[in-house]
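Okay, can everyone see my screen? I'll put the sequence and the model up, and then we'll walk through a few spots.

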Amino acid sequence: MTSSQHPNPIPIPETAGDRQIIYLPGTKCAIKSQVPLASLTSFRVGGPAQWYVAPQNLAELQASLEWSRSEGLAVTLIGAGSNLLVSDRGLPGLVIGTRHLRYSRFDLGTGQLTVAAGEPLPRIAWQVAELGWQGLEWAVGIPGSVGGAVVMNAGAHKSCVADILVSAQVLSPSGQLETLTPDQLSYSYRTSILQGSQRLVTQAIFQLQPGADPQQVLATTTEHLEQRRRTQPYHLPSCGSVFRNPLPYTAGWLIEQSGLKGYQIGAAQVAQRHANFILNCGGAKANDIWQLIRYVQHQVEQRWSLLLEPEVKTIGEF
């Protein structure tokens, strides 16, 4: 069944080209066809989504999943797009963006913060710092959403999500809600059981430490951000760190020692300032970045007998 044959949603052609918009009944949720994804990822690359939706609440999210099931469409989930490499060919099925799922609740008595998956992690870090709550100072320089941070156990400055997470609410492809603890998420370095899963994080509860001097927490948060800006390139599009650190080494050190700083394929370049960054120097294709990732892996493995594992998630056909 095509979208125009579906008995409930009403397809409305857009004025430009053959694009369509489907409004899900009972919601303000619009599912759009052929939406470019490059502007929705920090790499600024990637082809169009066959269908794209950005629900603003749980009901719209559930309605979007129900529509995808009725149409027999695969679902791809993206948050802030800060850790994604999307194929130049685009993505089939329905792409669900969670960047508009935003709310936060501060429990002043317990120090717990309940926050929606689409909230930007840096903004939450500043908010808790202004309250004098400790525990998220490390997150200020991570350009991702709360949902993505929970999925990948994001971290910096020797701290990570697993240190503060009380529970995460997730939504299954069938529309069922479930609450998972850190133990159930099987957290380890930059990974959890949610990676590669179709379960979508809708919100998280963090345990923080209230009662500190806000100026002191703000100062620590600011120092973390300044340290990242001093050591990492932020002037061009990137995904942040491309590879996981193969402890006790760091990926950046291994790449630098392999002589790869500044190495370029197309408009994709290994950053001079931090070798674990790949930069879009202007007009790079997703395939340029993918080829450069593979080249770096090969060169490091040849010299160090270590295969670097990508931290960036590659989706679509390459």
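**Starting from one strand pair**

Let's begin with a single bridge: Ser 33 has Trp 51 in E4 as its bridge partner. That belongs to a set of 4 bridges that join E3 to E4, and the two strands run antiparallel. Just so we're clear, this is a predicted model.

How far do we trust it? The mean pLDDT of the protein chain is 92, with 95% of its residues at 70 or more. The N-terminal stretch is another story: over residues 1-16 pLDDT stays under 50. The model does have 34 contacts beyond four places in sequence for residues 1-16. Still, where pLDDT is low, predicted coordinates shouldn't be read in detail, and I'll leave that stretch alone.

Back to E3, on its other pairing. Strand E2, residues 20-23, is joined to E3 by 3 bridges, and that pair runs antiparallel. If you want to find the register on screen, Ile 22 stands opposite Ile 31, and Tyr 23 stands opposite Ala 30. The hairpin of E2 and E3 has 6 residues between the strands, and there Gly 26 takes a positive phi near 80°.

Now, most residues other than glycine have a negative phi, and most peptide bonds are trans. With that in mind, have a look at Gln 34: phi is near 50°, a positive value in a residue that isn't glycine. Gln 34 is placed in strand E3.

On to pockets, and I picked the second largest one, with a volume of about 200 Å³. Which elements give two or more residues to its lining? Strand E3 (30-36) and strand E4 (48-53), so we're still in the neighbourhood we've been talking about. The lining includes Lys 28, Cys 29, Ala 30 and Lys 32, along with Tyr 52, Val 53, Arg 99 and His 100. By class, that lining has 6 nonpolar, 2 polar and 4 charged residues.

**The annotated parts**

Next, the database side. UniProt, in an unreviewed entry, lists residues 44-211 as "domain: FAD-binding PCMH-type". In the model, the chain over residues 44-211 is 21% helix and 31% strand, and the end C-alpha atoms are 40 Å apart.

The unreviewed UniProt entry also places the feature "active site" at Arg 190, Ser 241 and Glu 311. Why can we say they gather at one spot? They span 122 residues in sequence, yet no two of their C-alpha atoms are more than 11.3 Å apart.

Zoom in on Ser 241, which is found in the loop between helix H5 (214-231) and helix H6 (251-257). Pro 248 also has its place in the loop between H5 and H6. A cis peptide bond joins Leu 247 and Pro 248, with omega at about 15°.

**One last sheet**

Before questions, a quick stop further along the chain. Here 3 strands form an open sheet in the order E15-E16-E17, with antiparallel pairing. The edges are strand E15 (264-265) and strand E17 (278-280), each pairing on one side only. Strand E16, residues 268-270, is joined to E17 by 3 bridges, and Val 270 stands opposite Ile 278 in E17.

That's my tour; who wants to go first?

Notes: Residues are numbered from 1 along each chain as its sequence is written. This is a predicted model: local features need pLDDT of at least 70, side-chain atom pairs count only at pLDDT 80 or more; totals for chains, interfaces and linings use all residues. Side-chain values use heavy atoms; hydrogens and water are left out. UniProt positions are given in the numbering used here, feature names are shortened, and annotations may be inferred rather than shown by experiment. On a 1 Å grid over the protein atoms alone, a cavity is a set of points where a 1.4 Å probe fits but cannot get out, and a pocket is an open set with protein on both sides within 12 Å along at least five of seven lines; lining residues have an atom within 4 Å of a point. Grid points are joined across faces, edges and corners, and a volume is the space filled by probe spheres set on the points. Ala, Val, Leu, Ile, Met, Phe, Trp, Tyr, Cys and Pro count as nonpolar, Asp, Glu, Lys and Arg as charged, and the others, Gly among them, as polar. Two strands pair if DSSP finds at least two bridges between them. pLDDT is the predictor's confidence in each residue, from 0 to 100. Contact means heavy atoms within 4.5 Å.
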